[in-house]
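Student: I am new to this structure and would like to walk through it with you. Could we look at it together, one question at a time?

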Amino acid sequence: MALTVTTHAEASIGNVRMKIFAVTFDSSYPTGGESFTNPLGGLVPLFVVVQNDNRAAKVVWDYTNKKLVALHPLDNANEYANTSDLSNLKVRVLVIGI
């Protein structure tokens, strides 16, 4: 399965671009995080902010692997297990890059 991603806004200032996405996770979270390269469309992320809409998980950006990683809300060191159902998890992602 995969993330459901909707682009909400795009802007450019010189060669710096910004995109805001609404992201919904699915019912089978993969260990290591959900890949987020396709929505970027060639944008190289320099700065990423993830806004969590609920308390189902804390989602963080993995800069090295370009993935969204879901962590347990009460223990930020532990990632959700492989195939966890996170279909109720929705976040907003702001990406600023070149």
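Student: Where is threonine 64 found?
Tutor: This is a predicted model, in which local features need pLDDT of at least 70 and side-chain atom pairs count only at pLDDT 80 or more, while totals for chains, interfaces and linings use all residues. Residues are numbered from 1 along each chain as its sequence is written, and side-chain values use heavy atoms, with hydrogens and water left out. Strands here are DSSP runs of E with at least two residues, numbered from the N terminus. Threonine 64 is found in the loop between E5 and E6.

Student: Is threonine 64 buried or exposed?
Tutor: Buried means under 20% relative accessible area, exposed means over 50%, and partly exposed is in between, with a 1.4 Å probe and protein chains only. Threonine 64 has a relative accessible area of 69%, so the word for it is exposed.

Student: How many Å apart in space are threonine 64 and aspartate 75?
Tutor: Along the sequence, threonine 64 and aspartate 75 are 11 residues apart. From C-alpha to C-alpha, their separation in space is 22 Å.

Student: Which residue in the loop between strand E5 and strand E6 has a positive phi although it is not a glycine?
Tutor: Most residues other than glycine have a negative phi. In the loop between strand E5 (58-62) and strand E6 (67-72), one residue has a positive phi of about 55 degrees without being a glycine. At a relative accessible area of 29%, this residue is partly exposed. Its name is lysine 66.

Student: What is the phi of threonine 83?
Tutor: Threonine 83 sits in the loop between strand E7 (75-79) and E8. Although threonine 83 is not a glycine, its phi is positive, at about 70 degrees.

Student: In which order do the strands of the open sheet stand?
Tutor: Two strands pair if DSSP finds at least two bridges between them. Strand E1 (residues 4-13) pairs with strand E2 (residues 16-24) in the antiparallel sense over 9 bridges, and E2 pairs with strand E8 (residues 90-97), again antiparallel, over 8 bridges. The open sheet has 4 strands with antiparallel pairing, in the order E1-E2-E8-E4.

Student: Why is one side of E1 and of strand E4 left without a neighbour in the sheet?
Tutor: E1 and strand E4 (45-52) each have a single partner strand, so one side of each has no neighbour in the sheet. In other words, both of them stand at the edges.

Student: Which residue in the hairpin of E1 and E2 takes a positive phi?
Tutor: The bridge partner of isoleucine 13 is valine 16 in E2. The hairpin has 2 residues between the strands, and the phi in question is near 65 degrees. The residue that takes it is glycine 14.

Student: Which residue in E8 stands opposite lysine 19?
Tutor: Along E8 you can match up partners, and threonine 24 stands opposite lysine 90 there. For lysine 19, the residue opposite in E8 is valine 95.

Student: Which strand gives the most to the nonpolar patch?
Tutor: Such a patch is made of residues with over 30% relative accessible area and no salt bridge, with nonpolar side chains joined within 5 Å and like charges within 9 Å. A salt bridge is a side-chain nitrogen of Lys or Arg within 4 Å of a carboxyl oxygen of Asp or Glu. Val16, Val44, Leu46, Phe47, Val49, Tyr63 and Ile98 make up the patch on the surface, with about 590 Å² of accessible area together (Shrake-Rupley method, 1.4 Å probe). The most, 3 residues, comes from E4.

Student: How far apart in space are valine 49 and valine 59?
Tutor: Valine 49 has its place in strand E4 and counts as partly exposed at 35% relative accessibility. In sequence, valine 49 and valine 59 are 10 residues apart, and from C-alpha to C-alpha the distance is 9.7 Å.

Student: How many aromatic pairs does a search of the whole structure find?
Tutor: Rings of Phe, Tyr and Trp (its six-membered ring) pair if their centres lie within 6.5 Å; planes under 30 degrees apart count as stacked, over 60 as edge-to-face and the rest as tilted. The search of the whole structure gives a count of 4.

Student: What kind of pair do phenylalanine 25 and tyrosine 29 form?
Tutor: Phenylalanine 25 counts as buried at 3% relative accessibility, and tyrosine 29 counts as buried at 0%. Their ring centres are 6.4 Å apart with the planes at 35 degrees, so the pair is tilted.
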